[in-house]
Amino acid sequence: MNNGLFVTFEGIDYSGKSVQAKLLYEACRGKNRCLLLRDPGATEISEKIRTILLDKTNSEMSPWTELLLYEAARSQLVSEKILPEMALGGIVICDRFYDSTTAYQGYARGLDLAAVERANILGSCGLMPGITFLLDVEPKRALMRKKVSDCDDRLEAEGMGFQNKVRQGYLDIARKEAERIVVIDGHGRVDSIHKNICRIMNERFYNEITKV
Ligand code: TMP
């Protein structure tokens, strides 16, 4: 049993989700037990797997290997970091989780969605987010946020068509899971998006968290 709260942020590359995850973490942490994590990553083993996944020289990686590596990184993250923190009643904020796998490996790579769903259950050890914020941004506008110094990783190098498929995938997932997934227009100002997210958190979880 756990009493914690698990919050995830999703979106295409450069959607602004990492900035929003960090802002929510900063708003929460003074008043609540709180942890900010990223998937893939956030444990020693998961960060090593992340390096393999994002390494552009691994161009021969098969889509199924890619899927299973994301799941492997996630299962380590869940068992080493997320579940222990939730058992202590903490708020766990995670930058990406299994919806990323459905959108990227399922919708964009074209792997069988039912197989991806089964893999997601294994990789997440059956854990589901209490709420997910999907930062929805047009891929063209997202790309404008990229700095000249930012090098593409293996997934980003897939280009605009791939990001479009990821975006449509996310919107489809959100339609199917409208209770859990809140779609946020990610084109707005960072501070007004943040205020909106805090408002939704306070409305939904008024008896689980101290106000953020
Ligand atoms: P990040 O840059 O947002 O940390 O994510 C790393 C990349 O990995 C990003 O391009 C999205 C991709 N990704 C997947 O393809 N599948 C997954 O399950 C996850 C978690 C991320």
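Me: How do you know that Glu66 forms a salt bridge with Arg109?

Reply: The closest N and O atoms of Glu66 and Arg109 are 2.9 Å apart, and a salt bridge is defined as a side-chain nitrogen of Lys or Arg within 4 Å of a carboxyl oxygen of Asp or Glu, so the pair qualifies. This is a predicted model, in which local features need pLDDT of at least 70 and side-chain atom pairs count only at pLDDT 80 or more, while totals for chains, interfaces and linings use all residues. Residues are numbered from 1 along each chain as its sequence is written, and side-chain values use heavy atoms, with hydrogens and water left out.

Me: Why is Glu66 called buried, and why is Arg109 called partly exposed?

Reply: Buried means under 20% relative accessible area, exposed over 50%, and partly exposed in between (1.4 Å probe, protein chains only). Glu66 has a relative accessible area of 0% and is therefore buried, whereas Arg109, with a relative accessible area of 23%, is therefore partly exposed.

Me: What makes the pair of Glu158 and Arg109 a salt bridge, and which parts does the pair tie together?

Reply: The N to O distance between the side chains of Glu158 and Arg109 is 3.1 Å, which satisfies the 4 Å limit, and therefore the pair counts as a salt bridge. Glu158 lies in the loop between helix H6 (139-143) and helix H7 (160-176), and Arg109 in the loop between H4 and H5, so the pair ties together parts that are 49 residues apart in sequence.

Me: Which residues are linked with Arg109 in a network of salt bridges?

Reply: The network links Arg109 with Glu66, Arg154 and Glu158.

How values were computed: Helices (H or I, at least four residues) and strands (E, at least two) are DSSP runs, numbered from the N terminus.
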